[in-house]
Amino acid sequence: MSVRSPFWSSIHRSVFHSAAGPLRVTESALRPGGAVRYRCPHNDSLVLVTNEAALAELDRPMARLRCAACGEMHLLTQEEV
């Protein structure tokens with residue numbers, strides 16, 4: 001017997017598309033003033049992260065971030081300097 005949640009019908013099916021797959025890894029670079037820049041692997045646009053809350057999450061060598069350009073989660077690695 002399985003118990004079905006009443007909320008499963010309200011979750012959009014696009015959520016499950018990337019949930020089972022691995023995160024896309026992309027290289028990030030520290031910019032002057034403490035900002036971080038990376039190139040979105042989905043649409044190849046440059047993204048500059050300046051939000052202090054997001055930057056606080058990026059203080060480790062590999063960090064997850066929801067991309068402002070495409071809306072997907074990416075795994076950011078720090079570029080060797």
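How many bridges join β2 to β3, and do these strands run parallel or antiparallel? Four bridges hold the pair together on paper, and the two strands run antiparallel. Keep in mind through all the views that this is a predicted model.

**View 1. The whole chain, before we zoom in.** Here we have two helices and five strands. Going along the sequence, they come in the order α-β-β-β-α-β-β. The protein has 81 residues, and 22% of them are buried. About 6500 Å² of the protein is exposed, with carbon and sulfur atoms supplying 54% of that area. As for contacts between residues at least 6 apart in sequence, 34% of them link residues at least 24 apart.

**View 2. The β2–β3 hairpin and its loop.** Six residues sit between the strands of this hairpin. Across the pair, Arg37 stands opposite Leu48 of β3. The loop runs between β2 (36–39) and β3 (46–49), and Asp44 is part of it. Asp44 is worth a look for its backbone: its phi is positive, at about 65 degrees, although Asp44 is not a glycine.

**View 3. A salt bridge between Asp44 and Arg39.** Staying with Asp44, we now turn to its side chain, which meets that of Arg39 in a salt bridge (3.9 Å, N to O). Search the whole structure and you find one salt bridge. How much of Arg39 is accessible? Its relative accessible area is 40%, so Arg39 counts as partly exposed.

**View 4. The two faces of β3.** In a regular strand, side chains alternate between the two faces of the sheet. On β3, Val47 and Val49 make up the covered face, while Leu46 and Leu48 make up the uncovered one. Leu48 is also the residue that Arg37 stands opposite.

**View 5. The largest nonpolar core.** This core has 11 residues in all: Val36, Tyr38, Cys40, Val47, Val49, Ala54, Leu58, Ala63, Leu65, Cys67 and Leu76. At least two of its residues come from each of β2, β3 and β4 (62–66). Pick Leu58 as a way in: leaving out residues up to four places away in sequence, Leu58 touches Val36, Val49, Ala63, Leu65, Leu76 and Gln78.

**View 6. Ser28 and what surrounds it.** Ser28 belongs to strand β1 (residues 24–30). Is Ser28 buried or exposed? With a relative accessible area of 7%, Ser28 is buried, because buried means under 20%. Neighbours within four places in sequence aside, Ser28 is in contact with Val36, Arg37, Tyr38, Leu76, Thr77, Gln78 and Glu79. Leu75 makes a nice yardstick here: Ser28 and Leu75 are 47 residues apart in sequence, yet their C-alpha atoms are 9.6 Å apart in space.

Definitions and conventions: Residues numbered from 1 in each chain as written. Predicted model: local features only at pLDDT ≥ 70, side-chain atom pairs only at ≥ 80, totals over all residues. Heavy atoms only, no water. Salt bridge = Lys/Arg side-chain N within 4 Å of Asp/Glu carboxyl O. Buried < 20%, exposed > 50% of the residue type's maximum accessible area, 1.4 Å probe, protein only. Contact = heavy atoms within 4.5 Å. Areas by Shrake-Rupley, 256 points an atom, 1.4 Å probe, with all protein chains shown as cover. Core = buried A, V, L, I, M, F, W, Y, C linked by side-chain atoms within 4.5 Å. Pairing = 2+ DSSP bridges.
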